[in-house]
Amino acid sequence: MANLICSFSSGIVAGEQELVQFLSEEIAAECKAQKIKSIPSKIDGFEVKLDGAEVTLTKKAGNEKLVFIFLVIVNFNVNHTVDTDAEPEVNPNMDKPEFAELKSKPSFDVDLQLGDQTLSFTCSFLSSDSMQQSDEYNDIFGIDELTIFKGEWNEKTYAVAGDVLDGCLYDLLMNLLEEKGISNEFVEKLSDFSTAYEHSLYIALLENTKKFVSGQ
């Protein structure tokens, strides 16, 4: 019985060592592939606040004609946001296809706050099929939901789906978002930021897993 126990314990140690070795190699490879080494503290004038997988972007947007200031808040979570459905690029001069870069494309909430009232949008990246259908506008994101509330949001607050909004109203709301800084260019930068930040969290997860298995 003692020999059986020793053999079983030895197998666990060997398995742990193999996992640690693999994690070390994976961490090195991911660090080498990392394009952005330090996460920026600003995106297009938005201040960045990080809390685990949660990201909050905040800036003030004024109006030249009217004396009031909007507070624009963008919230998103980087978990499960990496696009893994990218089609491989076929190069006839290579034996293996080149896979497109994985991109993080999170859904995101945009809150336009004025005093104690908030006009809130839930937005998401459009699929390639949807983008082809909206070539006239070249939008890369769309409005999924719209709501407005006073004070704090709660589950009793009414919200309407973006796809049932009047087409003219939808376009005007998209224009409003663009005026407040939520443009195609900004959303592209949001995706780049989310991709870099998600990758940094993945590397940190690998490092913490390695420490855990090593007993550090």
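A helix here is a DSSP run of H or I at least four residues long, and the helices are numbered from the N terminus. Keep that in mind for α4, which gives the most to the lining of the largest pocket, with 6 residues. The model on your screen is predicted.

**Stop 1: the whole chain**

Show the chain as a cartoon. Count 4 helices and 8 strands. Trace the chain along its sequence, and the pattern reads α-β-β-β-β-β-β-α-β-β-α-α. Now colour by accessibility. Of the 216 residues, 31% count as buried. Take the contacts between residues at least 6 apart in sequence: 57% of them join residues at least 24 apart.

**Stop 2: the sheet**

Select the strands. They form an open sheet of 8, in the order β1-β2-β3-β4-β5-β6-β7-β8, with antiparallel pairing. Which strands are at the edges? They are β1 and β8 (159-161), and each pairs on one side only. Strands of a sheet pair through backbone hydrogen bonds, so turn on the backbone atoms to look along each pair.

**Stop 3: three strand pairs**

Begin with β4 and β5. These two run antiparallel and are joined by 6 bridges. Pick Asn75; its bridge partner in β5 is Asp109.

Go on to β6 and β7. How many bridges join them? There are 9, and the strands run antiparallel. Select Thr122 and look across to Glu145 in β7, which stands opposite.

Finish with β7 and β8. This antiparallel pair has 3 bridges. Select Leu146, then Val160, its bridge partner in β8.

**Stop 4: helices on the sheet**

Stay with the strands and add two helices. After the β4 to β5 pair, which is joined by 6 bridges, bring up α3, residues 167-179. Helix α3 packs on the sheet and touches β5, β6 (117-125) and β7 (141-150). Measure the helix against β7: the two directions make about 85°.

Next, add α4, residues 184-214. Helix α4 also packs on the sheet, touching β1, β2, β3 (54-62), β4, β5, β6 and β7. The direction of α4 makes about 40° with that of β4.

**Stop 5: the largest pocket**

Keep α4 visible and switch on a surface. Rolling a probe the size of a water molecule over the atoms shows where empty space is left. The largest pocket holds about 480 Å³ of space. Its lining has 18 residues. Select Ala33, Glu101, Leu102, Thr195 and His199, the closest to the pocket's centre.

Which elements give two or more residues to the lining? They are α1 (2-33) and α4. The share from α4 is 6 residues. Colour the lining by residue class: 7 are nonpolar, 5 polar and 6 charged.

**Stop 6: two loop residues with positive phi**

Most residues other than glycine have a negative phi. Two residues to select now go the other way.

Start with Asp44, in the loop between β1 (42-43) and β2 (46-51). Its phi is near 50°, a positive value. Is Asp44 buried, partly exposed or exposed? Asp44 counts as partly exposed because its relative accessibility is 39%, and that class lies between the 20% and 50% cut-offs.

Then jump to His80, in the loop between β4 (69-77) and β5 (108-114). The phi of His80 is positive too, near 55°. At 84% relative accessibility, His80 counts as exposed, since exposed means over 50%.

How values were computed: Residues are numbered from 1 along each chain as its sequence is written. This is a predicted model: local features need pLDDT of at least 70, side-chain atom pairs count only at pLDDT 80 or more; totals for chains, interfaces and linings use all residues. Side-chain values use heavy atoms; hydrogens and water are left out. Buried means under 20% relative accessible area, exposed over 50%, partly exposed in between (1.4 Å probe, protein chains only). Two strands pair if DSSP finds at least two bridges between them. Contact means heavy atoms within 4.5 Å. Axes are lines fitted to C-alpha atoms, for helices over the stretch in contact, and angles run from 0 to 180 degrees between N-to-C directions. On a 1 Å grid over the protein atoms alone, a cavity is a set of points where a 1.4 Å probe fits but cannot get out, and a pocket is an open set with protein on both sides within 12 Å along at least five of seven lines; lining residues have an atom within 4 Å of a point. Grid points are joined across faces, edges and corners, and a volume is the space filled by probe spheres set on the points. Ala, Val, Leu, Ile, Met, Phe, Trp, Tyr, Cys and Pro count as nonpolar, Asp, Glu, Lys and Arg as charged, and the others, Gly among them, as polar.
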